[in-house]
Amino acid sequence: MNMNCNIVLTGFMGAGKTSLGKAAAKILQVPFLDTDDMIVQSEGMPVSEIFQTKGEAYFRSLETETIRQLGGRKDRYVLSVGGGLVMQPENRPLLHKAGLVVYLKVGIDTLARRLAQDTKRPLLHQGDGTLEEKIVRILAQREPIYQAAADVVFVNDGKPFQQAAREIASLAVSIS
Ligand code: S3P
């Protein structure tokens, strides 16, 4: 398939960026990239350990470095970025340089269900309140930024998985 642009998936933890991004990349026959995976590989430790031993600010600086490097790539890809990456203002133009920014928007109930068993995301395991309260609190801060930073808001309101993946993939071929 002839892609006009790369796809860059943003959105909250548990929105399905990785699973739908992988499926869309398969449809488009291009590599799937993930900023968290790239950071984990280069640091040689999981995200939770980076947060624990080096702190969140260090992790955020790695995110900026990673998205900056990706903007320089000339090949086509589908990219998923960590849910907090969009919050650093300097990252937003870098996201747009990397590709078409698609905000994967999912309801709080779905997020809470998917994240209930999570052990890998440090932001969900710190601070006060239930998981749902944490999601509501963090999402309230982020939602306006996710919206403002997006070229496309893709509401995934329970569409069949393959259909959602096909629709996301088609964004890369329909926009000139
Ligand atoms: C984070 C999201 C995570 C990961 C880290 C911080 C966030 O990625 O980057 O735990 O701030 O929302 P996913 O969105 O892929 O879960």
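When I speak of a polar contact this morning, I mean a pair of N or O atoms within 3.5 Å. Please keep in mind throughout that what we are looking at is a predicted model.

With that cut-off in hand, let me start at the ligand. A polar side-chain atom of Lys17 lies 2.7 Å from an oxygen atom of the ligand, so by the 3.5 Å limit this pair is a polar contact. Two arginines make a similar approach: an N or O atom in the side chain of Arg121 is 2.6 Å from a ligand oxygen, and for Arg142 the distance from a side-chain N or O atom to an oxygen of the ligand is 2.6 Å. Taken alone, the ligand would expose 380 Å², and the protein buries 96% of that area. In total 14 residues surround the ligand, and the closest are Lys17, Asp36, Arg60, Arg121 and Arg142.

Let me turn now to the nonpolar interior. The largest nonpolar core has 59 residues, and those with the most contacts inside it are Ile7, Phe12 and Ile67. Helix H8, residues 161-174, supplies the largest share of this core, namely six residues. As a general remark, nonpolar side chains in soluble globular proteins tend to be buried together. If we leave aside residues up to four places away in sequence, Ile7 touches Tyr77, Val78, Leu79, Leu100, Val102, Ile168, Leu171 and Ala172.

What about Asn6, is it buried or exposed? Its relative accessibility is 5%, and because the limit for a buried residue is under 20%, Asn6 counts as buried. Asn6 sits in the segment before strand S1, which covers residues 7-10. A polar atom of the Asn6 side chain lies 2.9 Å from the backbone nitrogen of Tyr77. Again not counting residues up to four places away in sequence, Asn6 touches Asp75, Arg76, Tyr77, Ala98, Gly99 and Leu100.

Next, a helix with two sides. In helix H6, residues 108-115, the buried residues are Leu111, Ala112 and Leu115. Seen down the axis of H6, these fall within an arc of 95 degrees, so they line one face of the helix. On the other side of H6, Asp109 and Arg113 are exposed. The cover over the buried residues of H6 includes helix H7, residues 131-149.

Finally, three residues that are not buried. Gln29 lies in the loop between helix H1, residues 17-28, and strand S2, residues 32-34, and at 67% relative accessibility Gln29 counts as exposed. The phi of Gln29 is near 60 degrees, which is a positive value in a residue other than glycine. For context, most residues other than glycine have a negative phi.

Gln69, in helix H4, residues 56-71, also counts as exposed, with a relative accessibility of 52%. Gln69 and Leu94 are 25 residues apart in sequence, and their C-alpha atoms are 9.1 Å apart in space. Ser170 belongs to helix H8, and at 31% relative accessibility Ser170 counts as partly exposed. Between Ser170 and Glu65, which are 105 residues apart along the chain, the C-alpha separation is 29 Å.

Technical notes:
Residues are numbered from 1 along each chain as its sequence is written. This is a predicted model: local features need pLDDT of at least 70, side-chain atom pairs count only at pLDDT 80 or more; totals for chains, interfaces and linings use all residues. Side-chain values use heavy atoms; hydrogens and water are left out. Buried means under 20% relative accessible area, exposed over 50%, partly exposed in between (1.4 Å probe, protein chains only). Helices (H or I, at least four residues) and strands (E, at least two) are DSSP runs, numbered from the N terminus. The arc is that of the directions from the helix axis to the C-beta atoms. Contact means heavy atoms within 4.5 Å. A nonpolar core is a set of buried Ala, Val, Leu, Ile, Met, Phe, Trp, Tyr and Cys residues joined through side-chain atoms within 4.5 Å. A residue is near a molecule or strand if one of its heavy atoms lies within 4 Å of it. A polar contact is a pair of N or O atoms within 3.5 Å; within protein, one must be able to donate a hydrogen and the other to accept it, and residues adjacent in sequence count only if both atoms are side-chain atoms. Accessible areas come from the Shrake-Rupley method with a 1.4 Å probe; for residues, only the protein chains shown count as cover.
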